[in-house]
Amino acid sequence: MAGSRKTAREFTLQGVYAWLVGGADVTLIAANLKEDEQFKRADEDYFRTLLYGVLKEEDMLSSRIAPLLDRPLAELSPIERGILLIGTYELLHCPDVPWRVAINEGVELAKKFGGTDGHKYINGVLDKLAQDVRAVEITHAKKKGVSGEQ
């Protein structure tokens with residue numbers, strides 16, 4: 001049985017956080033995270049896809065996020081920034097992940113690891129991005145009567 005994508009996202013957030021705060025080598029970060037007993041519950045392939053993808057494309061992902069923010073990207077906490085990078089990567093590069101799932105997973109990460117109301121901020125930013133990058137999917141969902149509001 002494949003591991004959990006939710007758990008893979010949690011470990012990815014830890015890796016992105018370590019990279020943002022300490023700038024360590026991604027290979028070393030991944031190796032350290034894999035030593036955690038809980039890592040065996042994660043979908044390792046998805047973890048690798050997210051961690052390496054987010055860090056490789058951080059500049060592009062940040063440029064997609066920045067116009068949607070009410071403050072400079074550098075003023076976000078590393079947790080919020082990491083969650084937004086992961087959510088943005090999923091919205092742009094993981095078409096098998098429905099847009100509502102990408103947003104909800106970001107919100108859940110923020111509730112678990114972020115500040116008190118950080119999940120609301122994450123929800124708003126990722127929803128704005130989804131309206132742009134997943135417009136066809138959202139329009140299709142609305143035509144079917146499925147609400148996309150978060």
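## What α7 packs against

In this predicted model, the buried residues of α7 pack against four other helices: α4 (58-65), α5 (78-93), α6 (99-113) and α8. If you want to find those buried residues yourself, look for Gly118, His119, Tyr121, Ile122, Asn123, Val125, Leu126, Asp127, Leu129 and Ala130.

How far does α7 reach from its first C-alpha to its last? The answer is 22 Å for 16 residues, close to the 22 Å expected at 1.5 Å a residue.

## α5, wrapped up by its neighbours

Now hop over to α5, one of the helices that α7 packs against. Here 12 of the 16 residues are buried, so α5 is largely enclosed by the rest of the structure. Ile79 and Glu80 are buried, and so is the run from Gly82 through Ile83, Leu84, Leu85, Ile86, Gly87, Thr88, Tyr89 and Glu90 to Leu91.

What covers them? The cover includes α1 (5-22), α3 (44-56), α4, α6 and α7. As for length, the end C-alpha atoms of α5 are 22 Å apart, which agrees with the 22 Å that its 16 residues should span at 1.5 Å a residue.

## Arg134, just past α7

Arg134 sits in the loop between α7 (118-133) and α8 (135-143). Is Arg134 buried or exposed? Its relative accessible area is 7%, and buried means under 20%, so Arg134 counts as buried.

Who keeps Arg134 company? Its side chain makes a polar contact of 2.7 Å with the side chain of Glu137. Leaving aside neighbours within four places in sequence, Arg134 is also in contact with Glu90, Leu91, Cys94, Pro95, Val97, Pro98, Trp99 and Leu129. Glu90 and Leu91 are among the buried residues of α5, while Leu129 is one of those in α7.

Key:
Residues are numbered from 1 along each chain as its sequence is written. This is a predicted model: local features need pLDDT of at least 70, side-chain atom pairs count only at pLDDT 80 or more; totals for chains, interfaces and linings use all residues. Side-chain values use heavy atoms; hydrogens and water are left out. Helices (H or I, at least four residues) and strands (E, at least two) are DSSP runs, numbered from the N terminus. Buried means under 20% relative accessible area, exposed over 50%, partly exposed in between (1.4 Å probe, protein chains only). A polar contact is a pair of N or O atoms within 3.5 Å; within protein, one must be able to donate a hydrogen and the other to accept it, and residues adjacent in sequence count only if both atoms are side-chain atoms. Contact means heavy atoms within 4.5 Å. The expected span of a helix is 1.5 Å times one less than its number of residues.
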